[in-house]
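Work through the exercises below with the model open beside you. Each task is followed by its solution.

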Amino acid sequence: MSADLVKKYLRERSLPHFFCPGCGAAQVMNYFVQAADRVRLDFDQLVAIGGVGCTARIPVYLDADVLHGIHGRTLAWATGMKLHNPGLKVVVFAGDGDIAAIGGNHLIHAARRNLDVTVVVVNNLNFGMTGGQVAPTTPGALRTMTTPYGNVEPPFDLCRLAETAGATYVSRWTTATARQGIRALEGALTHEGFALVEFVAQCPTNFGRRALQSGSAVDGVRWIAEHSVIRKDGAEAPDEAIFVLGDFVDARRPVYRGSSLLDRGREMR
Ligand SMILES: Cc1ncc(C[n+]2csc(CCOP(=O)(O)OP(=O)(O)O)c2C)c(N)n1
């Protein structure tokens with residue numbers, strides 16, 4: 001990120017940031033700032049929300065209105081904010097544990113309602129902040145702190161979950177696909193309705209050391225790139241691909257707004 005962007009969009013008094021060297025969440029923060037600048041996102045109208053976790057710290061560094069709260073409840077706050085003030089731009093930053101485990105139910109219903117929020121997921125394939133426990137997105141057979149003999153659970157596909165629940169903008173990229181990822185964020189930030197952009201990201205400190213037997217960020221990014229495939233329409237993913245990347249959904253349908261609820265209430269009286 002250039003010094004100009006740091007000055008323009010980051011809360012300098014919160015720096016230096018707390019991310020580990022090579023952390024994917026920090027990279028996604030960088031992509032977000034670049035996308036925000038390209039679409040001229042008005043930070044005076046932005047509310048950035050994080051629950052708890054490494055990813056959830058991203059909003060703390062953004063020079064906008066920020067809510068850093070409790071694990072898994074980001075979309076409940078986002079719903080309240082949008083109902084109260086539909087003019088706000090609300091962006092949630094969530095780890096995979098935050099959005100798919102404890103917050104999974106909020107995700108389903110926010111997508112179903114087509115709440116007008118952007119959700120940026122840093123899927124580092126484990127519970128990073130608490131030491132690397134298995135998460136709903138941990139790929140099969142890999143070792144984590146709580147699965148020392150390998151994960152036996154099938155992982156969630158977050159993008160398919162969001163799409164099936166009703167999200168109207170869904171993309172998955174990785175920290176290794178910066179150009180596409182920034183473009184997807186630009187699309188999400190200018191989309192009206194529930195937008196989810198997932199980044200598969202390296203976590204050298206916890207996932208890397210246990211699952212990949214390497215604490216190197218470069219090894220982590222390389223492993224993700226080697227196990228990713230960009231989906232072309234109709235093409236099957238090869239067996240070795242764990243992560244299917246692409247822009248999957250960009251659709252329009254009525255969004256869930258406070259004012260529409262009020263209107264409906266008035267109609268019923
Ligand atoms: C209600 C609640 N449950 C559990 C925790 C403990 N906790 C803090 S961070 C975290 C996991 C974070 O993992 P993830 O959301 O994937 O984010 P990451 O740190 O990997 O970015 C957990 C379980 C908590 N703070 N609050």
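Helices (H or I, at least four residues) and strands (E, at least two) are DSSP runs, numbered from the N terminus. The model is a predicted one.

**Exercise 1.** Locate phenylalanine 18 and classify its exposure.

Solution.
- Step 1: Phenylalanine 18 sits in the loop that links α1 (3-9) to α2.
- Step 2: Its relative accessible area is 34%.
- Step 3: Buried means under 20% and exposed means over 50%, with partly exposed in between. Phenylalanine 18 is therefore partly exposed.
- Step 4: Phe18 joins Val52, Ile70 and Met129 in a nonpolar surface patch of about 330 Å².

**Exercise 2.** Give the strand order of the open sheet, then find the strands at its edges.

Solution.
- Step 1: The sheet has eight strands, ordered β2-β1-β3-β4-β6-β5-β8-β7. Pairing is mixed.
- Step 2: β2 (65-68) and β7 (228-230) each have a single partner strand, so one side of each lacks a neighbour in the sheet. These two are the edges.
- Step 3: From one strand to the next, the twist averages 20°.

**Exercise 3.** Describe how β3 and β4 pair.

Solution.
- Step 1: β3 covers residues 89-95 and β4 covers residues 118-123.
- Step 2: Five bridges join them in the parallel sense.
- Step 3: Take alanine 94: its bridge partner in β4 is valine 121.

**Exercise 4.** Place helices α2 and α7 on the strands.

Solution.
- Step 1: α2 (residues 24-38) lies across β3, β4, β5 (169-174) and β6 (195-200). It runs at about 150° to β4.
- Step 2: α7 (residues 158-165) lies across β4, β5, β6 and β8 (243-250). Its angle to β5 is about 175°.

Note on methods:
Residues numbered from 1 in each chain as written. Predicted model: local features only at pLDDT ≥ 70, side-chain atom pairs only at ≥ 80, totals over all residues. Heavy atoms only, no water. Pairing = 2+ DSSP bridges. Axes fitted to C-alpha atoms, helices over the stretch in contact; angles between N-to-C directions. Contact = heavy atoms within 4.5 Å. Patch = residues over 30% accessible without salt bridge, like charges linked within 9 Å, V, L, I, M, F, W, Y side chains within 5 Å. Areas by Shrake-Rupley, 256 points an atom, 1.4 Å probe, with all protein chains shown as cover. Salt bridge = Lys/Arg side-chain N within 4 Å of Asp/Glu carboxyl O. Buried < 20%, exposed > 50% of the residue type's maximum accessible area, 1.4 Å probe, protein only.
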